[in-house]
Amino acid sequence: MPTKKTTTKKRVSVKKSESKPVEIDIHEPGAMPLMIYRRIALTFVFVVAVALIAVLYLSTVQAVIQVSSTQTSITTEFVAHVTETSTEASDIRGRVVSGTLGKTETFTPEPDEASMKNVEGIATGSVTIYNNLSFDQALVETTRLLSPDGILFRLDNTVTVPAGGSVIADVYADEAGASGDMTPTMFTIPGLSAARQASVYAESFEAFTGGVTQVAIVSQEDIDEAIGQVQADIEDDAQSMLATEVADGSLEAVYLSVVQEQTVSIEPGSEAASFDVALTIKVVGVFYDRATLETIALRKLYEGLGQGQTFVSVDPSRIEIELDAVDEEIKEANVHVSLSAQAINAQTSQALEVGRFVGMTEAEVQDLLLGEGVATTVEVKFFPFWISHVPRLKDHIYIEIQ
């Protein structure tokens, strides 16, 4: 029989120690830790914030380019045919009439030191002669009258002064010159006896004049001015006469004047107190439909406008019309027409295409436009304030033309 082996068991003492609870992560299969959720959430918020900032930036960033555009004068010129019966589109309805007028006018030169000359003459005046005698006193022509200053005058005609009365007589100076121009004074009559001179004497009550007179020296300028005045007067009269003849208030007129005869009564440099100017002038009036002419002028002006340009303003009332040729026999005329206006670069101009300025600084935009002569001044305003380059988004670039 097999022998059974006996094992002796020993008792071992075991020291009890305090045990700590052990945390065991128990989760469902496929679940993620809470920390990962937090990181994902923070990342999402950051991405959204960055995207929002980017959207706000892209939606608000802009550059405004303010341009004072260079102005260019554009002029249209053409010749229009004026006729009573229009046969072509370029014809202007109108009439041709004419008339001849003459006029003579007298002119007195304006006195001034440069054009006046002193000329000696014989002073004249009038005196009252008194007779205190008891009988009449006859005084023959050329009887002398002497002033207290010794200036001698003579009677112009024979007179008889009644006893106890007086007469008024004309006198003239014995010598030419300024000495005869004198203020009122008393006169003795040296041809009478000393006793009779006390009873028969003369007195003046107004100044004597004519000893020295100022005569104008008529210059060529005086004559030309007078001729111009007479011509203007004749033209005004003739234009009124022709307008009355046409009697159509819807038509305006341009006139041509031709001097047919001209006469001046003196030569330049002559001494004269006055002179006459006579003129005969033929005036031709071309009456035309201004409204039609302005329409044609505006159309031709816009035809001359360059690509990418626009007018600052167009005023058809500034149209200029000159008479070019007249045929009085067939009653037709040609008029030269011109109209001007100031043009600037429009926003459609290639020089102001916004794509040209992408990424530029203000200085670069200024150098480009000023250098090309497109503008006189350029200013760029950025938003937000911290950007300094034109954005690359073309729809955020604005052009303002001043």
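Hi everyone, let me start with one residue: Glu320 has a relative accessibility of 51%, so Glu320 counts as exposed. Please keep in mind that this is a predicted model. Glu320 sits in strand S18, and together with Glu77, Glu322 and Asp324 this residue forms a negative surface patch. Which element gives the largest share of that patch? That would be strand S18, residues 320-327, with three residues.

Now let's go inside. The largest nonpolar core has 23 residues, and the ones that touch the most other members are Leu293, Val335 and Val337. Several elements each supply at least two residues of this core: strand S2 (72-83), strand S3 (91-107), strand S16 (275-288), helix H4 (290-303) and strand S19 (332-345). The top contributor is S19, which gives six residues. As a bit of background, nonpolar side chains in soluble globular proteins tend to be buried together.

On to the charged pairs. How many salt bridges turn up in a search of the whole structure? The answer is nine, and I'd like to walk you through some of them.

Take Asp174 and Arg154, whose closest N and O atoms are 2.7 Å apart. Asp174 is in the loop between strand S10 (166-173) and strand S11 (186-187), while Arg154 is in strand S8 (residues 152-155), so this salt bridge ties together parts that are 20 residues apart in sequence. Are these two buried or exposed? Somewhere in between: Asp174 counts as partly exposed because its relative accessibility is 35%, and Arg154 counts as partly exposed at 22%.

Next comes the salt bridge between Lys282 and Glu328, with 2.9 Å between the closest N and O atoms. Here distant parts of the chain are linked, since Lys282 belongs to strand S16 and Glu328 to the loop between S18 and S19, 46 residues apart. Lys282 is partly exposed, with 24% relative accessibility, and Glu328 is partly exposed too, with a relative accessible area of 28%.

The next pair lies within a helix. Glu294 forms a salt bridge with Arg290, and their closest N and O atoms are 2.8 Å apart. These residues are four apart in helix H4, so about one helical turn separates them. Both Glu294 and Arg290 are buried. There is also a network to look at on your screens: Arg93, Asp248 and Asp289 are joined by salt bridges that share partners.

That's my tour, and thanks for listening!

Methods. Residues numbered from 1 in each chain as written. Predicted model: local features only at pLDDT ≥ 70, side-chain atom pairs only at ≥ 80, totals over all residues. Heavy atoms only, no water. Patch = residues over 30% accessible without salt bridge, like charges linked within 9 Å, V, L, I, M, F, W, Y side chains within 5 Å. Areas by Shrake-Rupley, 256 points an atom, 1.4 Å probe, with all protein chains shown as cover. Salt bridge = Lys/Arg side-chain N within 4 Å of Asp/Glu carboxyl O. Lys, Arg positive; Asp, Glu negative; His and termini not counted. Charge placed at Lys NZ, Arg CZ, Asp CG, Glu CD. Buried < 20%, exposed > 50% of the residue type's maximum accessible area, 1.4 Å probe, protein only. Core = buried A, V, L, I, M, F, W, Y, C linked by side-chain atoms within 4.5 Å.
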